[in-house]
Amino acid sequence: MSDHYDVIVIGAGPAGYSCAIRAAQLGLSTACVDKWQDGEGKSSLGGTCLNAGCIPSKALLESSELFELAGSEFASHGIQVGQLSLDLATMQKRKAGIVSELTGGIGGLFKANGVAWLAGEAEVQGTGRVHFEPSNGEATDLTADNIVIAAGSEPTKLDIAPLDGDRVLDSRGALEMTEVPDRLGVIGAGYIGVELGSVWSRLGADVTLLEALDDFMPIADRGVANEGLKQFKSQGLDIQLGARVTSVDVGSSEVEVTYQSGNETKSQTFDRIVIAVGRRPHTANLLADSAQITLDDRGFIDVSDDFRTSLPGVYAVGDVIGSPMLAHKGMEEGVAAAEQLTGQLPHVSYRTIPSVVYTEPEMAWVGDSEADLKAGGIAYRSGQIPFAANGRAKALGNQAGFVKILAHAETDEVLGAHMIGPNVSELVQEIVVAMEYRAASEDIARIVHGHPTLGETVHEAALAVDDRPIHFPPPKKRG
Ligand code: NAD
């Protein structure tokens, strides 16, 4: 191990590993430090996303969805499955296999690109100085021309409900359960709450989500959020809005949760609860006092537009600098920071970062919402088409939801899109490309879309901006 590198990246989640790989591609001698250990104490690359977030949750969402479909939908396709039963151990093993393949894959990419993987904990001590405590071996001091902090985030804790790894879990624990609880309480109905709540509900748990806010998913378009709420409730998720949890009483076999609902105090008993009330920057033991790196009032590392912290030669990217706390935003920032170190002038398009909630139906959006446009006084036209008007969605047996496209009233430039329905996580990407090229809704309307595909709903929504959809009556003719 060399003691000096051109760049040391701290954190090997999506932001950090992307930064390290790009820096090495650009010819910089690069080390990436990460302290993550899996359940068996083995060092692992990929951070929360690969080890305990995006990837394992998507594996369980997929498996649980198939289980649910086998029980509820297969018969309508003429497929009889007999007595359905759940083998959770195999489901968890499959998930673990996917995680291990992907985290191992990052190791392979590091090797192929010449990134030195340093397994252990790093502390920034000053410009160019990092103290490194390896997972195995003696502590050492490293130096670098530049340091990029990509230390990520961790679940926000609730003081009233300390995690115990058994009855009170965070999102990581909720992905590892080895049996399906009869009654699962989830505190917070944000991204994690609805995704993990869906997984365990499909596998047979009675799931209640307690959400402090009165509005469901305020971050989403109101039409998307309202349709989502309707769909999730019809699937059996009990979503209580305006329910601020005030105390949690953990017994030996159950947990009693008390919450404020309007003027009423209510309580509910669960076998297990999951705390999903947000994530906070992961800066504990990361910055020595000598490092003088400024944090904002919420504890995120303060950076300039080009990712510089208050300490010369130290940059920060990803969740640790703030929202949106999304892996793909972190990856772009990581790559941009690496390119900047070699004198390039990279740019991250924050305006076109897509958001996706991997429920069933999925929810996805990009750009401005109607509320944003109204607040900004921007005149717009909107085209909305339901998946019920799409042949492929019907064939899939999955026709809930819609695509809505918003375009400038005068220039017709696409300003945003909001979707709920089958595979909208993929469909939203067409709008991202369109917005990057500053396309008009007319451009999308004139692009050939394969038939029969779900993407035709995007096409029709673009036509609907101009009140001329082919497979759905235009507004004035709907009667
Ligand atoms: P979130 O901010 O999306 O939702 C947390 C919810 O908890 C909020 O709605 C909040 O009002 C509620 N809450 C807070 N305190 C409460 C209390 N005492 N009682 C009841 N409700 C309370 O956070 P999350 O779901 O924990 O996700 C964390 C981050 O991880 C998000 O910022 C998201 O960017 C990221 N994430 C993204 C995805 C995805 O892209 N699909 C999936 C999972 C996580």
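**Exercise 1. Leaving aside its neighbours within four places in sequence, which residues is Val-414 in contact with?**

Before the solution, the basis: this is a predicted model, in which local features need pLDDT of at least 70, side-chain atom pairs count only at pLDDT 80 or more, and totals for chains, interfaces and linings use all residues. Residues are numbered from 1 along each chain as its sequence is written, and side-chain values use heavy atoms, with hydrogens and water left out.

Step 1. Locate the residue: Val-414 sits in strand E21. Helices (H or I, at least four residues) and strands (E, at least two) are DSSP runs, numbered from the N terminus.

Step 2. Apply the criterion for contact, heavy atoms within 4.5 Å. With neighbours within four places in sequence set aside, Val-414 is in contact with Arg-351, Ile-405, Leu-406, Ala-407, Ile-431, Met-435, Ala-439, Ala-440, Ser-441 and Ile-444.

Step 3. Check the burial. Buried means under 20% relative accessible area, exposed over 50%, and partly exposed in between (1.4 Å probe, protein chains only). Val-414 has a relative accessible area of 1%, so Val-414 is buried.

**Exercise 2. State where Asp-412 lies and what its side chain touches.**

Step 1. Asp-412 belongs to the loop between strand E20 (402–408) and strand E21 (414–421).

Step 2. The relative accessibility of Asp-412 is 10%, so this residue counts as buried.

Step 3. A polar contact is a pair of N or O atoms within 3.5 Å; within protein, one must be able to donate a hydrogen and the other to accept it, and residues adjacent in sequence count only if both atoms are side-chain atoms. The side chains of Asp-412 and Ser-441 make such a contact at 2.7 Å.

Step 4. Leaving aside neighbours within four places in sequence, the residues in contact with Asp-412 include Arg-381, Glu-442 and Val-465.

**Exercise 3. Compare the span of helix H4 with its expected value, then describe its packing.**

Step 1. The expected span of a helix is 1.5 Å times one less than its number of residues. Helix H4 (residues 88–113) has 26 residues and should span 38 Å; its end C-alpha atoms are 38 Å apart, which agrees.

Step 2. Buried residues of H4 include Leu-88, Val-99, Ile-106 and Phe-110.

Step 3. Among the elements that the buried residues of H4 pack against are helix H1 (14–25), helix H3 (54–72) and strand E3 (116–126).

Step 4. After H4 comes Gly-114, with a positive phi near 80°.

**Exercise 4. Repeat the check for helix H8.**

Step 1. Helix H8 (residues 327–341) has 15 residues and reaches 21 Å from its first C-alpha to its last, close to the 21 Å expected.

Step 2. Gly-330, Glu-333 and Gly-334 are among the buried residues of H8. Their cover includes strand E1 (4–10), H1 and strand E5 (140–149).

Step 3. From the H1 side, Ala-15 lies in helix H1. Its contacts beyond four places in sequence include Gly-330, Met-331 and Gly-334.

**Exercise 5. Describe the surroundings of the ligand.**

Step 1. The ligand is surrounded by 21 residues (each with a heavy atom within 4 Å of it), and the closest are Ile-192, Glu-195, Glu-211, Gly-278 and Val-356.

Step 2. A polar side-chain atom of Glu-211 is 2.6 Å from an oxygen atom of the ligand. A polar backbone atom of Gly-278 is 2.8 Å from a ligand oxygen atom.

Step 3. Helix H6 (191–202) and strand E11 (243–250) each supply at least two residues of the shell.
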